[in-house]
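The exercises below are to be worked through with the sequence and the model side by side. Each task is followed by a solution in steps.

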Amino acid sequence: MRPLDPALLPYLRPARRSLAGVVAAGVVGGLLTVAQAFALGTLLVRLVSDPGGTAWHASAGWLVAIVAARAGESGKGFCVFANVVNALCDAFRVCEGLV
């Protein structure tokens, strides 16, 4: 089977919008992961370079905000993925005459 079999395209039609949502959630999740790595690195550098100072407070705030965004994004991505699975299952049932 090829990666994108033309015979499967009619089955994917009902799930296109949801599938695009899953792809978008994956891209956003990847970008947030990179942002989290940079925020953590910045926080560690500021803590090591000036342990008694307050320069690390802004970095800590950014890290908390990014972690919260990742938590919200992963939950939303899971819900969109569940919608894709439901749409594909419905399409297969209708095509096989089970419904």
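**Exercise 1.** In which helix is the place of Leu31, and does Leu31 count as buried or exposed?

*Solution.* The model used here is a predicted one. Begin with the position along the chain: Leu31 lies in helix H2, which covers residues 16-49. Next, take its relative accessibility, which is 58%; because exposed means over 50%, Leu31 counts as exposed. Finally, look at the surface around this residue, where Leu31 together with Val23 and Val27 makes a nonpolar patch of about 290 Å².

**Exercise 2.** Determine where Ser59 is placed, whether it counts as buried or exposed, and which residues it touches beyond four places away in sequence.

*Solution.* Ser59 belongs to helix H3, which spans residues 56-96. Its relative accessibility is 4%, and since buried means under 20%, Ser59 counts as buried. When residues up to four places away in sequence are left out, the contacts of Ser59 are Thr42, Leu43 and Arg46.

**Exercise 3.** Describe the protein as a whole, from its elements to its contacts and its surface.

*Solution.* Count the elements to find 3 helices and 0 strands, arranged as α-α-α from the N terminus on. Then turn to burial: of the 99 residues in the protein, 19% are buried. For the contacts, consider those between residues at least 6 apart in sequence, of which 75% join residues at least 24 apart. The accessible surface, to close, comes to about 7,100 Å², and 71% of this surface belongs to carbon and sulfur atoms.

Methods: Residues are numbered from 1 along each chain as its sequence is written. This is a predicted model: local features need pLDDT of at least 70, side-chain atom pairs count only at pLDDT 80 or more; totals for chains, interfaces and linings use all residues. Side-chain values use heavy atoms; hydrogens and water are left out. Helices (H or I, at least four residues) and strands (E, at least two) are DSSP runs, numbered from the N terminus. Buried means under 20% relative accessible area, exposed over 50%, partly exposed in between (1.4 Å probe, protein chains only). Contact means heavy atoms within 4.5 Å. Accessible areas come from the Shrake-Rupley method with a 1.4 Å probe; for residues, only the protein chains shown count as cover. Patches are made of residues with over 30% relative accessible area and no salt bridge: like charges are joined within 9 Å, nonpolar side chains (Val, Leu, Ile, Met, Phe, Trp, Tyr) within 5 Å. A salt bridge is a side-chain nitrogen of Lys or Arg within 4 Å of a carboxyl oxygen of Asp or Glu.
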